[in-house]
Amino acid sequence: MNQAVKRLLSAILILVFVTQPFALHFESANNSNILRMQVAEAADPGLPAATKDGVILHAWNWSFNTIRSRLPEIAAAGFKTIQTSPIQGVKENTMAGNLWWILYQPINFNIGNAQLGTREQFRQLCAEAATYGINIIVDVVANHTGNAGIDGSLQYVPAYNVDPSIRNNPYFWHQLSGITNWNDRWQVTQLGIGLPDLNTSNQELQDKIIAFLNDAISLGADGFRFDAAKHIELPTDPAGASNFWTRVLGSLNNPSSLYNYGEVLQGGADAFAQYANYLNVTASYYGDNVRHAVGFNNAKNVNMAFNFNAANVAPSKLVTWVESHDTYANLGDESTNMNDWQIKMGWAIIAARAHTVPLFFNRPAGTGKFAASLGTAGNNLWKDPDVVAVNKFHNAMAGQGEYLRNQGNEIMLIERGNKGMTIVNLGGNAAINQPTNLANGVYVNKATGSGTFTVANGRITGNIAGGTIAVLYNDTQSVNVTFTVRNATTVMGQNIYLVGNIPALGNWNVSQAFGPGSTANYPHWGFTVNLPVGTTFEYKAIKRDGANNVVWESGANRTYTVSASTNQVSFDFRN
Ligand SMILES: [Ca+2]
Ligand SMILES: [Ca+2]
């Protein structure tokens with residue numbers, strides 16, 4: 001259910017309760033749903049409507065019920081979308097954290113496994129997530145199945161418990177051997193990555209995959225991350241081409257509501273830009289550059305975080321990350337030793353930027369690389385106040401373009417349209433003084449670094465503490481204020497206007513006064529002015545004719561402060 005429909009339904013339900021408390025008979029299950037919807041509405045986190053405009057929480061190894069229990073917090077933290085681990089049946093039921101890769105060794109195309117939960121629990125997760133405006137996207141393993149063992153050729157033999165309808169069909173498999181030349185596109189797609197490679201060109205196998213994906217969609221899935229997408233052939237491949245992507249993606253239900261992306265790790269025969277013709281892709285080089293930019297295994301240098309380095313694929317087709325579950329968890333420890341501060345600063349860079357969809361990888365809880373069991377929630381960095389502040393910045397800036405600046409090698413300024421700016425300071429205390437397109441005004445830092453910044457005459461100035469971020473935008477809500485000026489009689493050619501010390505009321509310039517008012521109830525005059533909540537202003541009603549001859553109200557200026565709720569002002573014109 002989209003936000004607008006939900007809001008409308010909530011309003012109707014509240015109205016029904018208020019106006020007809022005794023006339024309706026809800027069953028208890030319905031009542032609990034209604035209450036939940038109202039609670040969700042009360043805590044409306046301002047999530048964008050679509051995954052493409054928000055940020056993703058990669059709830060790595062969290063079970064369906066674990067995710068479900070955290071939905072209010074996840075919504076409050078500003079995550080539009082949650083990405084699950086693979087939901088297919090897997091070859092072993094272990095819950096050991098260091099055996100996380102078992103989830104990437106599926107045995108079928110059915111929903112449910114010991115680690116994440118059942119198909120019904122998945123359905124419940126999706127249903128409840130929808131009440132918070134949260135989308136669920138699912139990690140899908142379609143390139144390969146689990147193997148029979150890690151030794152030698154067993155790597156390329158299907159696990160004994162792979163679904164017999166797959167295991168025993170000789171047409172469903174590529175040859176049982178591994179890639180030796182990663183620059184050979186045929187090998188990259190047609191041979192194994194340490195696992196038995198499925199023959200993804202086979203239409204009967206594709207049909208199983210399509211049925212699985214549509215089952216997930218029917219339960220509320222909002223898109224898919226295709227694992228090892230680089231290893232599933234494209235229609236345009238020079239050798240080994242197939243219609244997998246066009247046929248599978250083209251057979252999904254509700255296609256326009258889905259966000260799909262492929263794990264296309266850059267390097268070797270990646271065909272990166274070609275994949276982007278079919279689905280969104282992972283900007284893995286950029287993640288590497290961002291890690292270096294924030295000083296991980298490198299001298300800090302924000303200039304490394306400007307270029308997406310993504311084969312000229314449009315940024316709107318890129319999923320970005322600071323680290324992925326692979327860079328964290330694989331044997332190479334590519335990002336494992338990054339500290340939380342570095343992750344946060346990297347996240348501030350990628351999530352402040354426009355167009356792309358940033359993915360926040362949630363590390364396991366506890367100390368050590370794999371301290372927690374599969375199925376449990378990870379550490380709490382995803383709800384760190386600075387991460388949340390940047391998430392909300394991302395949401396509030398949806399649709400705004402970006403302008404990137406640096407102040408030396410340690411300060412990056414990410415400006416969005418003329419609405420907001422996030423400043424990432426990797427260095428010491430600093431005075432910011434930079435050109436900007438932001439509207440004039442004072443901007444209070446929404447991140448923990450606090451402080452205020454001032455924009456005037458096309459420059460932003462302010463102080464930022466060392467190692468902190470500044471999240472700057474004015475998100476004041478505007479509301480309609482209704483004025484009724486009573487008993488204001490006029491002569492031919494005169495009308496009633498409002499003039500005051502704010503731009504909406506002409507800044508005391510009578511020729512730019514607001515009005516004329518509506519005369520539906522003459523001699524009473526009605527006005528509806530849209531004003532930001534919290535604005536305090538002085539004003540008066542005036543009589544004005546076409547030549548800007550003015551009769552002012554007598555007495556002192558009136559004052560008013562716009563509130564978030566009721567804004568109806570009525571007064572007699574003071575002659
Ligand atoms: Ca393959
Ligand atoms: Ca959904």
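## Domains

The C-alpha centres of domain 2 and domain 3 lie 37 Å apart. This is a predicted model. The domain assignment divides the protein chain into three parts: domain 1 (43-139 + 203-214 + 255-396), domain 2 (402-473) and domain 3 (478-572). Domain 1 is thus listed as several segments of the chain, while domain 2 and domain 3 are each listed as one.

## The nonpolar cores

In soluble globular proteins, nonpolar side chains tend to be buried together. The largest nonpolar core here has 125 residues. Within this core, the residues that touch the most other members are I82, Y275, W347, A348, I349, V390 and V424. Helix 13 (residues 340-352) contributes 8 residues, the most to this core. Both domain 1 (43-139 + 203-214 + 255-396) and domain 2 (402-473) supply residues to the core, so it lies between them.

V424 can serve as an example of the contacts made in the core. Leaving out residues up to four places away in sequence, V424 touches V302, M345, A348, I349, I411, M412 and I469. Another core, of 19 residues, lies apart from the largest one. Its residues include F483, Y497, L498 and A541.

## Helix 11

Is helix 11 (residues 284-293) largely enclosed by the rest of the structure, or largely open? Of its 10 residues, 8 are buried, so helix 11 is largely enclosed. The buried residues are S284, Y286, G287, D288, N289, V290, R291 and A293.

These buried residues pack against two strands, strand 8 (280-282) and strand 9 (318-321), and against two helices, helix 12 (325-329) and helix 13. Helix 13 is also the helix that gives the most residues to the largest nonpolar core. After helix 11 comes G295, which has a positive phi, near 100°.

## The four-stranded sheet

Strands of a sheet pair through backbone hydrogen bonds, either parallel or antiparallel. In this model, 4 strands form an open sheet with antiparallel pairing, and their order is 14-17-16-15. Strand 14 (430-435) and strand 15 (441-444) are the edge strands, each pairing on one side only. From one strand to the next, the twist averages 15°.

Strand 16 (residues 452-456) pairs with strand 17 (residues 459-464) in the antiparallel sense, over 4 bridges. Which residue of strand 17 stands opposite V455? The residue opposite V455 is I460.

Methods. Residues numbered from 1 in each chain as written. Chains lettered and ligands numbered in written order. Predicted model: local features only at pLDDT ≥ 70, side-chain atom pairs only at ≥ 80, totals over all residues. Core = buried A, V, L, I, M, F, W, Y, C linked by C-beta atoms within 7 Å. Buried ≥ 20, exposed ≤ 12 C-beta atoms within 10 Å, placed from the backbone. Domains from an automatic or database assignment. Contact = placed C-beta atoms within 7 Å. Pairing = 2+ DSSP bridges. Axes fitted to C-alpha atoms, helices over the stretch in contact; angles between N-to-C directions.
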